[in-house]
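User: I am new to reading protein models. Please take one part of this one and look at it closely, then connect it to what lies elsewhere.

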Amino acid sequence: MPSVAPKASIADLIGYKPALAGAPGHARVVRLHVNEGALGPSPKAMEAMQTVATRIHQYPAVDASGLAVAIGRKHGIDPQRIVLGCGSDELIQVLCLAYVEPGDEVIHTQYGFLLFPMAAKIAGGVPVSAPDDGYTVSVDAILERVTPRTKLVFLANPNNPTGTYLAHDEVRRLRAGLPDRVVLVLDAAYAEYVQRNDYTAGIELVEETDNTVMLRTFSKAFGMAGLRLGWAYCPKSMADTLYSIRPPYGVNIPALAAGVAAIEDQAFQDATVAHNARWMPWLQAQFNALGLEPMPTVANFLMVRFPTEPARNADAARQFLAARGILVREMAGYGAPEFIRLSVGSEDDNHLLVDTLRDFLNGASS
Ligand SMILES: Cc1ncc(COP(=O)(O)O)c(C=O)c1O
């Protein structure tokens, strides 16, 4: 027995490992398991990183740096209210640390991003799960779970892992139904991919209220997951609070430089969205033709339901694909073991995935 024990609220988190299983023996691994961008990084972002290589002995900027100004320009928002983070993961944790007292309740959704309940526990809070309606977030279920101890509500919109979304009038209904003392966090990590007239990422709600935060990331549509860069758009007083407690140098110089180049690279963003709009329906049609059940999605990933018989189920499929060098995400940890989640890859990756799944369903050996 070690002499020191971690605090009780995190005891059941120890040993958690993110899904990064490898595919040993494969020179080229097809990574469809963590919802990364399909086109690699923006060439302009790579170039910008090189130009700051001679400055990496310096500490990075801590406040509304050039990147916050560039983000502000793109979205027409105040850079002073943008908080940068080492991925939006860090901002999820910092939000909990700033606003959740021990014992406070943090509502997340049934098939929601796993980091939400983790961050709540790390802060000493109590995660409360609101059931989905089918595989879509239910505003009523969230509102029914509000108690005097509720402090924060996390809503990923679009949602990971389901790929579904809430229209803006539903998000507004949620905000209107929550007490003012409850912080609503709209995590719009996949907003760039959504092509629906009734969707908004949440900027206007942040501006109209003093208790709503929107999170965004460079890890998905901007192709920069490895640099770890996310941002929060907040009411000014919340931005000041988050800035005062987050690690001051959490965002590194290469990430800041690449972020400015990526957000200004409209051609790359357009290509990313066009690629997704072309290949997502293609993948869904191929899965249907194979007798699988792809779920509807507005993001760059989707859930696919597999048959239940052991030789053809989701877990067997995931293992078969991994043995062929293709990584997809198992859903047992989310309580949906009959599904796998996978993201749109490059044209070659998408063909390889479908061909490999056909082999699997035809009973080929891996
Ligand atoms: C809903 C959601 N929020 C946040 C993140 C984390 O993004 P980042 O890489 O910026 O930490 C992810 C990554 O998968 C996500 O799916």
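Analyst: Strand 10 (residues 301–305) and strand 13 run antiparallel and are joined by five bridges. This is a predicted model. In this pairing, Arg 305 stands opposite Phe 339 of strand 13. Strand 13 also pairs with strand 12 (residues 329–330), again in the antiparallel sense, over two bridges. There, Arg 329 has Arg 341 of strand 13 as its bridge partner. Strands of a sheet pair through backbone hydrogen bonds, and they do so either parallel or antiparallel.

Is strand 13 enclosed or open to the outside? Five of the five residues of strand 13 (residues 339–343) are buried, so the strand is largely enclosed by the rest of the structure. Buried here means under 20% relative accessible area. Now take the faces one at a time. In a regular strand the side chains alternate between the two faces of the sheet. On one side of strand 13 are Phe 339, Arg 341 and Ser 343. On the other are Ile 340 and Leu 342. Each of these residues is buried, and both faces are covered.

Now move to another sheet. Seven strands form an open sheet with mixed pairing, in the order 2-8-7-6-5-3-4. Its edges are strand 2 (82–85) and strand 4 (126–130), and each of them pairs on one side only. Ignoring direction, neighbouring strands of this sheet are turned by 20 degrees against each other on average. One pair inside the order is strand 3 (residues 105–109) with strand 5 (residues 150–156). These two pair in the parallel sense over three bridges. Val 106 has Leu 152 of strand 5 as its bridge partner.

Follow the chain on to the loop between strand 5 and helix 6. Two prolines sit in this loop: Pro 158 and Pro 161. The peptide bond from Asn 157 to Pro 158 is cis, with omega near 0 degrees. Asn 160 and Pro 161 are also joined by a cis peptide bond, and there omega is about 15 degrees.

Helix 6 (168–177) leads to the cavities. Rolling a probe the size of a water molecule over the atoms shows where empty space is left. A search of the whole structure finds four cavities of 30 Å³ or more. The largest holds about 50 Å³ of space. Its lining is His 168, Val 171, Arg 172, Leu 186, Thr 200, Gly 202, Glu 204 and Leu 205. By type, that lining divides into three nonpolar, three polar and two charged residues. Helix 6 and helix 7 (203–208) each supply at least two residues of it. Helix 6 gives the most, with three residues.

Helix 7 turns up again in a pocket. The second largest pocket has a volume of about 250 Å³. Helix 2 (66–75), helix 7 and helix 10 each give two or more residues to its lining. Helix 10 contributes the largest share, five residues. In total 16 residues line this pocket, and nearest its centre lie Lys 74, His 75, Ala 191, Glu 192 and Arg 216. The lining divides into six nonpolar, five polar and five charged residues.

So what about helix 10 itself? It has 24 residues (residues 266–289), and at 1.5 Å a residue it should span 34 Å. Its end C-alpha atoms are 35 Å apart, which agrees. Many side chains in helix 10 belong to buried residues, among them Phe 268, Val 273, Trp 279, Met 280, Leu 283 and Phe 287. Gln 269, Thr 272, His 275, Asn 276 and Gln 284 are buried too. Just after the helix, Gly 291 takes a positive phi of about 85 degrees.

Positive phi also occurs in residues other than glycine. Asn 35 has a positive phi of about 55 degrees. It lies in the loop between strand 1 (30–31) and helix 1 (43–51). With a relative accessible area of 0%, Asn 35 is buried. Arg 228 has a phi near 60 degrees, also positive. Arg 228 is found in the loop between strand 7 (212–217) and strand 8 (230–233). At 27% relative accessibility, Arg 228 counts as partly exposed. Asn 35 is buried, whereas Arg 228 is partly exposed.

Terms used: Residues numbered from 1 in each chain as written. Predicted model: local features only at pLDDT ≥ 70, side-chain atom pairs only at ≥ 80, totals over all residues. Heavy atoms only, no water. 1 Å grid on protein atoms, 1.4 Å probe; cavity = no way out; pocket = protein on both sides within 12 Å on 5 of 7 lines; lining within 4 Å. Points joined across faces, edges and corners; volume = space filled by probe spheres on them. Helix = DSSP H or I, 4+ residues; strand = E, 2+ residues; numbered from the N terminus. Nonpolar A, V, L, I, M, F, W, Y, C, P; charged D, E, K, R; others polar. Expected span 1.5 Å × (residues − 1). Buried < 20%, exposed > 50% of the residue type's maximum accessible area, 1.4 Å probe, protein only. Pairing = 2+ DSSP bridges. Axes fitted to C-alpha atoms, helices over the stretch in contact; angles between N-to-C directions.
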